[in-house]
Amino acid sequence: GHDQLLQPRGKGAGEDDDFFAHHRDDQAETVLMRLLKGTGPRGLPGIRPVSKREGMILIRPFLSFTKSEIIQFLKENSISYRKDPTNRSFRYLRNRIRYRLLPLLEKEFNPQTRESLVRLAETAHRETAGLDEWVQKNWKKFIRSRKKKTLRLERETFLALPGLLRFRVMDRAVKELHPESGLDFKAWEKIEAGFKRGRWRMSLPKNIDLTLTPKMLFVTNPGK
(Lines give C-alpha, C1' and ligand atoms only; values in the text may rest on other atoms or scores of the structure.)
Protein backbone atom coordinates (compact mmCIF):
# COMPACT_ATOMS: atom_id res chain seq x y z
CA GLY A 1 0.00 0.00 0.00
CA HIS A 2 0.97 3.66 0.08
CA ASP A 3 2.63 3.22 3.46
CA GLN A 4 5.23 1.01 1.79
CA LEU A 5 6.15 3.50 -0.94
CA LEU A 6 8.70 6.28 -1.01
CA GLN A 7 10.30 5.39 2.30
CA PRO A 8 13.92 6.51 2.01
CA ARG A 9 16.52 3.86 2.62
CA GLY A 10 19.20 6.38 3.47
CA LYS A 11 19.35 9.75 5.14
CA GLY A 12 18.62 12.86 3.17
CA ALA A 13 15.85 15.38 3.70
CA GLY A 14 15.93 14.72 7.42
CA GLU A 15 17.34 12.16 9.75
CA ASP A 16 13.87 11.09 10.85
CA ASP A 17 11.80 11.83 7.73
CA ASP A 18 9.67 9.24 5.93
CA PHE A 19 7.87 9.89 2.64
CA PHE A 20 4.51 8.38 1.65
CA ALA A 21 2.66 8.20 -1.65
CA HIS A 22 -0.83 9.22 -0.53
CA HIS A 23 -2.60 11.30 -3.17
CA ARG A 24 -5.72 13.46 -3.54
CA ASP A 25 -8.03 10.49 -4.19
CA ASP A 26 -6.76 8.85 -1.00
CA GLN A 27 -7.70 12.02 0.85
CA ALA A 28 -11.29 11.89 -0.44
CA GLU A 29 -11.59 8.21 0.50
CA THR A 30 -10.19 8.85 3.98
CA VAL A 31 -12.61 11.69 4.74
CA LEU A 32 -15.59 9.66 3.53
CA MET A 33 -14.44 6.62 5.50
CA ARG A 34 -14.11 8.69 8.68
CA LEU A 35 -17.54 10.25 8.15
CA LEU A 36 -19.04 6.77 7.90
CA LYS A 37 -17.36 5.86 11.18
CA GLY A 38 -18.71 8.98 12.92
CA THR A 39 -15.57 11.07 13.17
CA GLY A 40 -15.46 14.37 15.02
CA PRO A 41 -13.87 17.65 13.87
CA ARG A 42 -10.34 16.38 14.42
CA GLY A 43 -10.89 13.52 11.96
CA LEU A 44 -12.23 15.67 9.12
CA PRO A 45 -8.83 17.02 7.98
CA GLY A 46 -8.10 13.47 6.85
CA ILE A 47 -4.52 12.81 5.82
CA ARG A 48 -2.11 15.55 6.86
CA PRO A 49 0.60 16.69 4.40
CA VAL A 50 3.09 16.56 7.25
CA SER A 51 2.56 14.75 10.53
CA LYS A 52 4.48 13.10 13.33
CA ARG A 53 4.27 9.54 14.62
CA GLU A 54 6.45 8.10 17.35
CA GLY A 55 9.12 10.75 16.79
CA MET A 56 9.14 10.32 13.00
CA ILE A 57 8.21 13.08 10.57
CA LEU A 58 5.83 11.75 7.90
CA ILE A 59 5.76 13.69 4.62
CA ARG A 60 3.21 13.17 1.82
CA PRO A 61 4.40 15.20 -1.19
CA PHE A 62 1.72 13.92 -3.62
CA LEU A 63 -1.34 14.83 -1.58
CA SER A 64 -2.34 17.70 -3.88
CA PHE A 65 -2.28 15.48 -7.00
CA THR A 66 -4.89 12.97 -8.15
CA LYS A 67 -3.97 9.39 -8.91
CA SER A 68 -4.58 9.91 -12.64
CA GLU A 69 -2.28 12.96 -12.68
CA ILE A 70 0.51 10.98 -11.00
CA ILE A 71 0.15 8.01 -13.37
CA GLN A 72 0.11 10.32 -16.40
CA PHE A 73 3.34 11.95 -15.21
CA LEU A 74 4.98 8.55 -14.68
CA LYS A 75 3.98 7.35 -18.16
CA GLU A 76 5.09 10.56 -19.87
CA ASN A 77 8.50 10.25 -18.20
CA SER A 78 8.85 6.48 -18.65
CA ILE A 79 8.97 5.87 -14.91
CA SER A 80 7.91 2.42 -13.82
CA TYR A 81 5.62 1.85 -10.85
CA ARG A 82 3.99 -1.12 -9.15
CA LYS A 83 0.47 -1.87 -8.05
CA ASP A 84 -0.50 -3.32 -4.68
CA PRO A 85 -2.81 -6.32 -5.34
CA THR A 86 -4.56 -5.82 -1.99
CA ASN A 87 -5.96 -2.53 -3.34
CA ARG A 88 -8.51 -4.59 -5.30
CA SER A 89 -9.72 -6.69 -2.36
CA PHE A 90 -13.24 -5.86 -1.17
CA ARG A 91 -12.33 -7.24 2.24
CA TYR A 92 -11.10 -3.74 3.08
CA LEU A 93 -13.50 -0.86 3.74
CA ARG A 94 -11.33 1.62 1.84
CA ASN A 95 -11.53 -0.49 -1.32
CA ARG A 96 -15.31 -0.82 -1.06
CA ILE A 97 -15.50 2.95 -0.73
CA ARG A 98 -13.12 3.43 -3.68
CA TYR A 99 -14.77 1.05 -6.14
CA ARG A 100 -18.39 0.97 -4.99
CA LEU A 101 -19.50 3.90 -2.87
CA LEU A 102 -17.60 6.81 -4.47
CA PRO A 103 -18.56 5.86 -8.04
CA LEU A 104 -22.20 5.58 -6.91
CA LEU A 105 -22.10 9.01 -5.25
CA GLU A 106 -20.47 10.54 -8.33
CA LYS A 107 -23.00 8.95 -10.69
CA GLU A 108 -26.21 9.47 -8.72
CA PHE A 109 -25.58 12.54 -6.54
CA ASN A 110 -22.57 14.75 -7.31
CA PRO A 111 -19.96 14.27 -10.07
CA GLN A 112 -17.56 16.36 -7.95
CA THR A 113 -17.90 14.22 -4.81
CA ARG A 114 -14.15 13.61 -4.46
CA GLU A 115 -13.30 17.28 -4.85
CA SER A 116 -16.01 18.23 -2.34
CA LEU A 117 -14.56 15.80 0.21
CA VAL A 118 -11.06 17.17 -0.33
CA ARG A 119 -12.30 20.75 0.14
CA LEU A 120 -14.00 19.67 3.35
CA ALA A 121 -10.68 18.25 4.58
CA GLU A 122 -8.82 21.44 3.68
CA THR A 123 -11.37 23.65 5.43
CA ALA A 124 -11.39 21.43 8.52
CA HIS A 125 -7.59 21.45 8.56
CA ARG A 126 -7.46 25.25 8.64
CA GLU A 127 -10.02 25.47 11.41
CA THR A 128 -8.55 22.72 13.58
CA ALA A 129 -5.06 24.17 13.07
CA GLY A 130 -6.31 27.43 14.58
CA LEU A 131 -7.75 25.59 17.57
CA ASP A 132 -4.57 23.56 17.99
CA GLU A 133 -2.51 26.76 17.96
CA TRP A 134 -4.75 28.36 20.61
CA VAL A 135 -4.53 25.31 22.85
CA GLN A 136 -0.76 25.06 22.46
CA LYS A 137 -0.39 28.69 23.55
CA ASN A 138 -2.98 28.74 26.32
CA TRP A 139 -3.56 25.30 27.85
CA LYS A 140 -0.95 25.76 30.60
CA LYS A 141 -2.86 28.83 31.85
CA PHE A 142 -5.51 26.45 33.18
CA ILE A 143 -3.03 24.27 35.07
CA ARG A 144 -2.80 25.59 38.62
CA SER A 145 0.00 23.26 39.61
CA ARG A 146 1.87 20.13 38.59
CA LYS A 147 3.28 17.70 41.11
CA LYS A 148 5.05 14.65 39.72
CA LYS A 149 2.38 12.88 37.66
CA THR A 150 -0.62 15.00 38.67
CA LEU A 151 -2.00 18.12 36.98
CA ARG A 152 -4.34 20.28 39.06
CA LEU A 153 -6.93 22.51 37.35
CA GLU A 154 -9.28 24.99 38.99
CA ARG A 155 -12.78 23.64 38.39
CA GLU A 156 -14.66 26.93 37.96
CA THR A 157 -12.12 28.46 35.55
CA PHE A 158 -11.87 25.33 33.44
CA LEU A 159 -15.63 24.81 33.22
CA ALA A 160 -16.09 28.44 32.13
CA LEU A 161 -14.44 27.56 28.82
CA PRO A 162 -16.67 26.74 25.82
CA GLY A 163 -17.23 23.00 25.44
CA LEU A 164 -14.93 22.59 22.44
CA LEU A 165 -12.05 24.35 24.20
CA ARG A 166 -12.65 22.31 27.36
CA PHE A 167 -12.28 19.18 25.28
CA ARG A 168 -9.08 20.42 23.66
CA VAL A 169 -7.47 21.58 26.90
CA MET A 170 -8.37 18.35 28.69
CA ASP A 171 -7.07 16.25 25.79
CA ARG A 172 -3.80 18.22 25.86
CA ALA A 173 -3.48 17.75 29.61
CA VAL A 174 -4.06 14.01 29.31
CA LYS A 175 -1.44 13.75 26.56
CA GLU A 176 0.99 15.71 28.70
CA LEU A 177 0.95 12.83 31.19
CA HIS A 178 0.94 10.10 28.54
CA PRO A 179 1.40 10.97 24.82
CA GLU A 180 -0.40 7.81 23.70
CA SER A 181 -3.51 8.57 25.72
CA GLY A 182 -6.23 11.00 24.71
CA LEU A 183 -9.97 11.55 24.51
CA ASP A 184 -12.52 10.26 22.06
CA PHE A 185 -16.13 11.39 21.70
CA LYS A 186 -17.61 8.67 23.90
CA ALA A 187 -15.15 9.33 26.71
CA TRP A 188 -15.79 13.07 26.49
CA GLU A 189 -19.56 12.58 26.75
CA LYS A 190 -19.02 10.71 30.02
CA ILE A 191 -16.62 13.39 31.27
CA GLU A 192 -19.06 16.20 30.45
CA ALA A 193 -21.79 14.35 32.34
CA GLY A 194 -19.42 13.93 35.29
CA PHE A 195 -18.73 17.68 35.40
CA LYS A 196 -22.34 18.17 36.55
CA ARG A 197 -21.62 16.34 39.79
CA GLY A 198 -19.95 17.63 42.92
CA ARG A 199 -17.47 14.78 43.13
CA TRP A 200 -16.64 12.33 40.40
CA ARG A 201 -13.90 10.04 39.10
CA MET A 202 -13.16 8.33 35.81
CA SER A 203 -10.33 6.24 34.35
CA LEU A 204 -8.97 6.73 30.83
CA PRO A 205 -6.62 4.65 28.65
CA LYS A 206 -2.94 4.43 29.58
CA ASN A 207 -3.71 4.53 33.31
CA ILE A 208 -4.94 8.15 33.37
CA ASP A 209 -7.39 9.08 36.14
CA LEU A 210 -9.66 12.13 36.28
CA THR A 211 -10.89 13.22 39.72
CA LEU A 212 -13.36 16.06 40.23
CA THR A 213 -13.86 17.81 43.57
CA PRO A 214 -16.06 20.82 44.36
CA LYS A 215 -13.15 23.19 43.64
CA MET A 216 -10.51 21.29 41.67
CA LEU A 217 -10.01 18.83 38.81
CA PHE A 218 -7.08 16.43 39.02
CA VAL A 219 -5.56 14.60 36.04
CA THR A 220 -3.28 11.84 37.27
CA ASN A 221 -1.05 9.15 35.83
CA PRO A 222 -0.11 7.11 38.92
CA GLY A 223 1.93 4.63 36.89
CA LYS A 224 2.31 1.00 37.77
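Biologist: At what angle do helix α1 and helix α3 pack?
Modeller: Helix α1 (residues 24–36) and helix α3 (residues 93–108) pack at about 95°, and their axes lie 10 Å apart. The two are therefore roughly perpendicular (65 to 115 degrees). Axes are lines fitted to C-alpha atoms, for helices over the stretch in contact, and angles run from 0 to 180 degrees between N-to-C directions. This is a predicted model, in which local features need pLDDT of at least 70 and side-chain atom pairs pLDDT 80 or more, while totals for chains, interfaces and linings use all residues. Residues are numbered from 1 along each chain, and side-chain values use heavy atoms, without hydrogens and water.

Biologist: Which residues of α1 make that contact?
Modeller: D26, E29, T30, L32, M33 and L36 of α1 do so, contact meaning heavy atoms within 4.5 Å. Among their counterparts on α3 are L93, I97 and L101.

Biologist: Turning to the sheets, what is the order of the 3 strands in the open one?
Modeller: The order is β1-β3-β2, with mixed pairing; pairing requires at least two DSSP bridges. Helices (H or I, at least four residues) and strands (E, at least two) are DSSP runs, numbered from the N terminus.

Biologist: Why is one side of β1 and of β2 left without a neighbour?
Modeller: β1 (17–19) and β2 (50–53) stand at the edges with a single partner strand each, so one side of each has no neighbour in the sheet.

Biologist: Which strands does helix α6 lie across?
Modeller: Helix α6 (residues 163–177) lies across β4, β5, β6, β7 (208–212) and β8 (216–220), at about 40° to β8.

Conventions. Angles under 35 degrees count as roughly parallel, over 145 as roughly antiparallel, 65 to 115 as roughly perpendicular and the rest as oblique.
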